[in-house]
Amino acid sequence: MTSLPNLKKRWGRPQVQRRLRRRYIYERIFRMLGLAAIGVAGLALATLIVSVGKNAFGGFVQTSIDVDIYLNPEDLRPSSARYRHDFAERVESADMRKLLADALERQFPDIDTDSERRRALQLFSLQARRTLRDYITATPEKIGQTVRMRLLASDDVDQVVKGNIDPRVPESDRRVKDKELAWLAALRADGRISRQLSTTFFTGGDSREPEIAGIFGAIIGSVLTLLVTLLTAFPIGTLAAIYLEEFSPQNRLTAFIEVNINNLAAVPSIVFGLLGLSLFLSILELPRSSPLVGGLTLALMTLPTIIIASRASLRAVPQGLRTAAQGLGASPMQVVFHHVVPSAMPGILTGTIIGLSRGLGETAPLLMIGMVAFVVSTPNALTDAATVLPVQIFLWADSPERAFVEKTSAAILVLLGFLLAVNALAVWLRQRFEVHIPD
Amino acid sequence: MSNSLVFFCLAILALLAFSVGRQRATAMAEREASALNSLPRHYGYLTAAHAVLPALLMSVLWFAFGDNLALALTVANLPPELETLKATQFDLLLDRIQLASDNRNPFEANAHVLEAASRFRRIYGVAGWVAAALIAATALTCLYRAYHQIRPRFTARKRFDRILKTILMISSLVAVLTTIGIIMTLVVESSLFFRDVSVTEFLFGTKWSPQTALRDDQIGASGSFGALPLFAGTLLITFVAILVAGPVGLMAAIYLTQYASPSVRAFAKPCLEVLAGIPTVVYGFFAAVTVAPFLSNTGASLGLDIASESALAAGLVMGVMIIPFVSSLTDDALTAVPGSLKNASLALGATQSETIAHVLIPTAFHGISSAILLAISRAMGETMIVVMAAGMRPNLTANPFEAVTTVTVQIVALLTGDQEFDSPKTLSAFALGLVLFVFTLIFNLFAQRVSRRHAVHYD
């Protein structure tokens, strides 16, 4: 044994002190590296959210222009429709372009050629003419008067107003030319340009025009698709988990099924798309692009997740519950369905919701089964052509217009909102219905 | 005869069978004054199951194969004029008959085809009624037999439990059937592809241009299917991703399990979970709109030539996506190390970092390496990020600043949009899918083996 003074002398030696200092420095560096790793992940998350969020605000807002329109009775009685008696029909065939262009000519006296008239008209969205027509049909008493209307601007104007088009860029490299910028400046000086929350974004279907493109059709598509997934994957997944956890004999078949499920959970999602394409579309000839096929494909994909989560939840039910039920004379089925499954239900539901939220964000397999089609209408049935929210995001992200970047970001924000809500529901379910059974 | 009507009728029948079964059981027990073997409702369940299940199976079979049956009957009696067509373009002929019978194709001019179509419609209609009658007869016969089986001593619960157990087992086989379906699909379609293109050319060829010719004399008519550039692109992007996700995920897990205070942990863990929950299409958008232009601009200011769709951008974002995956699996592996080992090392005077490097990591090594293997498999199969941020042009390079294309990008490119089903172009997507499936399967199996076989038990 070394005596105490000896130890002190040894530890006090400069080499030892130096080495100790070096080890502590190393320790601090290591710790910093760990913190840096967390920082990197946090930074990536923050950058992602900021870069999406920064653009998303613009996607919810649209620019409108106020114009004074003289509802010229002459223009509303076009020669082709003069003898028609139905007022709505007459308005339908009247030339809204002319009304709008005349109004613009009064607004900008410098318009004199036809091409300039056309360019001025292009400040407005196609939607503007529809708004005008609906207005006239609804309020025929205003004909012959000049009304101030708030009409939807085109996506290029919208981009100028949002400051996304730099006027210092040479004119030839710019989508919006000097003339239009001058008009817009004049309108702005007049206080005729305003920005509103875009309702079409939430109520409309897809469109080639960014200013009237909406996500409602995609949301309904997602809901229908997930409904199919829920109705197929939840019962099959739960029953499979019950079998594997409660009834399966310890044999090779069971072991094989288990290995199988674990591997299936790690198969790339695009491979499920290939399976869906050839099984549901070419062999069973189900309708292409439909929520039915999309939902079935996602069901096959989420099944392993649901089975694994449900098994974990069934395993967590204390053995005492089973023996107690057996002791009271319950049959094996009664033990499982009257006692074990109800107390494992919160966990099973949580697992199902997590599987569904994965399905909600999934894109690749749905591309394979043709859900990339350009669908304007809202799907009404499981066999209608439809698209889903992530695919809509993918389609918009591919579009060249700058305005679609904002739409994409806004749609992403909506998707993330849905995912957050779904996961919050899972957490709530788990906390609200979790049954604590003492072992 | 529509499907929903049939299923609705079967549901009504099930309710009916349940109630008569239960009533008969109670009535018999009272009449014979003996106790029932099972609860009255078990007799009801059993009667319902016996009555409905065979009919249900039959209706499913009819909906799946009914039209094929009718078509086969039509084809068997085709007029001799169509025999030549039947020999050469059989599938096309079937499609024409079916289209004409749906009245979707008013341009069908061939009178024989039109006649066959009307025969098909007739056969299908008659067969539909026959099937309906058969289903109804089966259901009623089964109901009758099940009803008359009921005696007080009849072990209804036991029998019903057996049926239930079979249903449970069938459900668990769905997963196996899915796997078989995947393998069959990929193998069958790929084998069709490999009739046109040799396996070696596909695996080791360096030229990938899968367009098929419209005319026979067109230049490059055959298309070439050398997938090596795609494999190289996939590996390059996967490599970049693992280079990011491996160290960051590992260190994040170490910090969270070993150093972090509970409050830091409570904040950082959900952050990582959020990162894991973000859909891949969002990462793809982020890579294409934010990261790729940033890298390209930074590269330009440093004098580097970074493509606007570089492998680096896709790889980096994919790495970020996989960080939570690596860190959570590593977290599990580190937490599984017995505390006594760690405490022993600390008690011997090792610093925290020395303990981690010399005790914890070696002990958890198999768990960590299985995490990395699973991460590689996931990176290889990832689709949306590369579709949106990596290029379309095949490029055999190891330079991450260049644009490359990957297996998954090409599968999407080949299968979206209009396509005929039997062209080598479409089939090549399945061959690529097969390669992808085999590679990810190997990595997964390997990962499972590593973590199971070499798990060290200290306690």
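Let's start where the two chains meet: chain A and chain B bury about 6300 Å² between them, and 77% of that area lies on carbon and sulfur atoms. The size of an interface is often given as the accessible area lost when the parts come together. Keep in mind as you look around that this is a predicted model.

Which three residues supply more of the area that chain A buries against chain B than any other three? They are A:Phe30, A:Leu48 and A:Leu274, and together they supply 9% of that area. You can also look at the meeting place by counting residues: 71 residues of chain A are in contact with 80 residues of chain B.

Now turn to the charged and polar links. Across the interface of chain A and chain B, the rule finds one salt bridge. To see a salt bridge for yourself, find A:Arg23 and follow its side chain to B:Glu354; the closest N and O atoms of this pair are 2.8 Å apart. A:Arg23 and B:Glu354 count as a salt bridge because a side-chain nitrogen of Arg has to be within 4 Å of a carboxyl oxygen of Glu, and their closest N and O atoms are 2.8 Å apart. Polar contacts are counted too, and between chain A and chain B there are 10 residue pairs of this kind, with both residues at pLDDT 80 or more.

Which part of chain A gives the largest share of the side that touches chain B? That is helix 2 of chain A, residues 14-60, with 19 residues. By type, the residues on this side of chain A divide into 51 nonpolar, 15 polar and five charged.

Next, take a walk through the partner, chain B. Chain B has 17 helices and two strands. It is divided into domain 1, covering 3-154, and domain 2, covering 224-453. The C-alpha centres of these two domains of chain B lie 50 Å apart. Chain B has 459 residues, and 47% of them count as buried. If you take the contacts in chain B between residues at least 6 apart in sequence, 73% of them join residues at least 24 apart.

Finally, let's go back to chain A and stop at a single residue, A:Thr238. You will find it in helix 10 of chain A, which spans residues 216-247. Is A:Thr238 buried or exposed? A:Thr238 has a relative accessible area of 8%, so it counts as buried, the cut-off being under 20%. Leaving aside residues up to four places away in sequence, A:Thr238 touches A:Ala233 and A:Ile348.

Methods
Residues are numbered from 1 along each chain as its sequence is written. Chains are lettered from A and ligands numbered from 1 in the order in which they are written. This is a predicted model: local features need pLDDT of at least 70, side-chain atom pairs count only at pLDDT 80 or more; totals for chains, interfaces and linings use all residues. Side-chain values use heavy atoms; hydrogens and water are left out. Contact means heavy atoms within 4.5 Å. Buried area is the accessible area (1.4 Å probe) that two parts lose on being put together, summed over both. A polar contact is a pair of N or O atoms within 3.5 Å; within protein, one must be able to donate a hydrogen and the other to accept it, and residues adjacent in sequence count only if both atoms are side-chain atoms. Helices (H or I, at least four residues) and strands (E, at least two) are DSSP runs, numbered from the N terminus. Ala, Val, Leu, Ile, Met, Phe, Trp, Tyr, Cys and Pro count as nonpolar, Asp, Glu, Lys and Arg as charged, and the others, Gly among them, as polar. Domain bounds come from an automatic or database domain assignment. Buried means under 20% relative accessible area, exposed over 50%, partly exposed in between (1.4 Å probe, protein chains only).
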